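Trainee: I am new to this structure and would like a close look at a single part of it. Please take me through the surroundings of one bound molecule, and then set that part in its wider context.

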Amino acid sequence: MKPAPQTFHIKSFGCQMNVYDGERMAELMGAQGMVAAEADVADLVVLNTCHIREKATEKVYSDIGRLRKDQLRNHGRTPMIAVAGCVAQAEGEEIVRRANVDVVVGPQAYHNLPTLVAQAATGQAALDTDLPALTKFGHLPPRRRVSPSAFQTVQEGCDKFCTYCVVPYTRGAEVSRPFAAIVDEAKGLVDAGAREITLLGQNVNAWRMEDRGLHDLIRALDRVPGLARIRYTTSHPNDMSQGLIDAHRDVESLMPFLHLPVQSGSDRVLKAMNRAHTRDSYLRLIERVRAARPDIALSGDFIVGFPGETDAEFAETLSLVDSAGYAQAFSFKYSPRPGTPAATLAGQIPADVMDDRLQRLQAALNRDQHVFNAASVGSTCPVLIERRGKLSGQMLGKSPWLQSVHVMGDLAVGDLVEVTLTAAGPNSLTGERRPI
Ligand code: SAH
Ligand code: SF4
Ligand code: F3S
């Protein structure tokens, strides 16, 4: 028997959808009368995990060990531990067997967390890794207080089955939340302090409700009073409809930023990845987006060292980067995931080759990011202030193109102000508030 926990701590890893889930779990625990606390003192620690790349699972086990040791040393007891998120979904009961944790809860079942915690308090490990589509949203308390830039999940799961990826197995099939529920939650977020909402989904642009697509949702949210900015992520090239491209031309509150992962510049590798788009179709798609919104900031994801990737195929990824012109992008070394088709392919790439390719790709992407930031210097744009900076009097906000901007002055979190950009670094810009 463990006493029912009074305090909790949630640690989220991985993507923005996990950040959103972590916020919702915190609200759920708050609604039970529990109070947030630091990890080294909390009665209940929730590890909201990610399974996308290697060592994620091992890291969860070592985190559990460390949490227990810290609390045992400092307070003479161990916390109740819940493993949530994608490792919970992928590993299930194995986590209870290996680490003797109290609760295991999958990403579609966390609305049951209070019940599972109550069961664990009786001394019985509690597990729920069901994948019921959308059930959880009906069981979550309303949003109370959020930051000026808030996340909102509108779509979950993935049917694409890229051969390297675990997401279709950990998050289940593609489902879209209903239109009215999303608009209601967005209004609630604005009432709770949001001025910007980023719509989230593993394939957010696959959001569909009868004959309506993501662009219809964006146009409806554009009419929500007090909501100044709309963003969405992550998109799949094959779900980038003309309607959504047109929205980038027409909807002022839709920010000029598009995260459109491509993964590789080689058609042979794309096919082996089951990406269902080609290098050329991706580049043509970007052209169409730029025709609608010439200043759009393009972001992407890349994987280097997919099984069988040759030097020449990797060179095609570098040349795609040159052609596409990214404002920023993420790049990863291929990581074999148990149970995915690519994990057993011949031609796994040696670590030193992967390291070298990743370095070269990141050098190119960093160069382009700096070029993009430098080109903004001298212009004036609205900046949404999100938090205090490190220096006294300094605030940190975001430009429409998702660049971090440091501004000095008498500003509050949530202010949306005109800023003249004066200097660019590789990762951020400096600006001055334009006198009115
Ligand atoms: N649904 C999104 C992204 C999901 S995962 C999309 O398809 O675009 C985020 C990124 O992690 C992917 O875009 C990919 O670049 C990377 N990723 C996924 N599985 C991986 C693996 N096994 N090894 C390395 N990177 C991986
Ligand atoms: Fe994974 Fe591909 Fe689905 Fe993205 S589209 S989540 S990379 S399977
Ligand atoms: Fe990770 Fe799951 Fe997100 S595997 S990237 S937390 S969908």
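Mentor: Start at ligand 1, where an oxygen atom of the ligand has a polar side-chain atom of Gln263 2.7 Å away. This is a predicted model, and each distance here is computed from it. Gln263 sits in the loop that runs between strand E14 (257–259) and helix H10 (267–272). Its backbone is worth a look too, since phi of Gln263 is near 75 degrees, a positive value in a residue other than glycine.

Two further polar contacts can be described at ligand 1. Asp301 has an N or O atom in its side chain 2.6 Å from an oxygen atom of ligand 1. Gln202 takes part through its backbone: an N or O atom there lies 2.6 Å from a nitrogen atom of the ligand. In total, 15 residues surround ligand 1, and the closest are Gln202, Pro261, Gln263, Asp301 and Ser335.

Gln202 leads on to another ligand, as this residue is also listed around ligand 3. The other residues around ligand 3 are Cys15, Asn18, Thr49, Cys50, His51, Ile52, Cys86 and Arg171. By class, the shell around ligand 3 holds four nonpolar, four polar and one charged residue.

Ligand 2 has its own surroundings, made up of Cys158, Lys160, Phe161, Cys162, Tyr164, Cys165, Val167, Pro168, Asn203, His236 and Arg275. Seven residues of the shell around ligand 2 are nonpolar, two are polar and two are charged.

Now the wider context. The domain assignment gives domain 1 (7–128), domain 2 (142–255), domain 3 (263–376) and domain 4 (380–433). Gln202 therefore needs no long search: look within the bounds of domain 2 (142–255). The centres of domain 2 and domain 3, taken over C-alpha atoms, are 24 Å apart. To their contact, domain 2 contributes 17 residues and domain 3 contributes 22 residues.

About 1,700 Å² is buried between domain 2 and domain 3, and carbon and sulfur atoms give 60% of that area. Nine residue pairs are in polar contact between these two domains, while zero salt bridges are found across their interface. On the side of domain 2 that touches domain 3, helix H9 (residues 242–250) supplies the largest share, four residues. That side of domain 2 divides into 10 nonpolar, five polar and two charged residues.

A backbone detail belongs with helix H9. The peptide bond from Thr233 to Thr234 is cis, with omega near 0 degrees. Thr234 lies in the loop between strand E13 (229–233) and H9.

Finally, although the interface of domain 2 and domain 3 has zero salt bridges, a search of the whole structure finds 34. Side chains of opposite charge can pair when their charged atoms come close. One example is the salt bridge of Arg24 with Glu27, whose closest N and O atoms are 3.1 Å apart. Both residues lie in helix H1 (residues 16–31), three residues apart, about one turn of the helix.

Definitions and conventions: Residues numbered from 1 in each chain as written. Chains lettered and ligands numbered in written order. Predicted model: local features only at pLDDT ≥ 70, side-chain atom pairs only at ≥ 80, totals over all residues. Heavy atoms only, no water. Contact = heavy atoms within 4.5 Å. Buried area = accessible area lost by both parts, 1.4 Å probe. Salt bridge = Lys/Arg side-chain N within 4 Å of Asp/Glu carboxyl O. Polar contact = N/O pair within 3.5 Å; in protein donor to acceptor, adjacent residues only side chain to side chain. Helix = DSSP H or I, 4+ residues; strand = E, 2+ residues; numbered from the N terminus. Nonpolar A, V, L, I, M, F, W, Y, C, P; charged D, E, K, R; others polar. Near = heavy atom within 4 Å.
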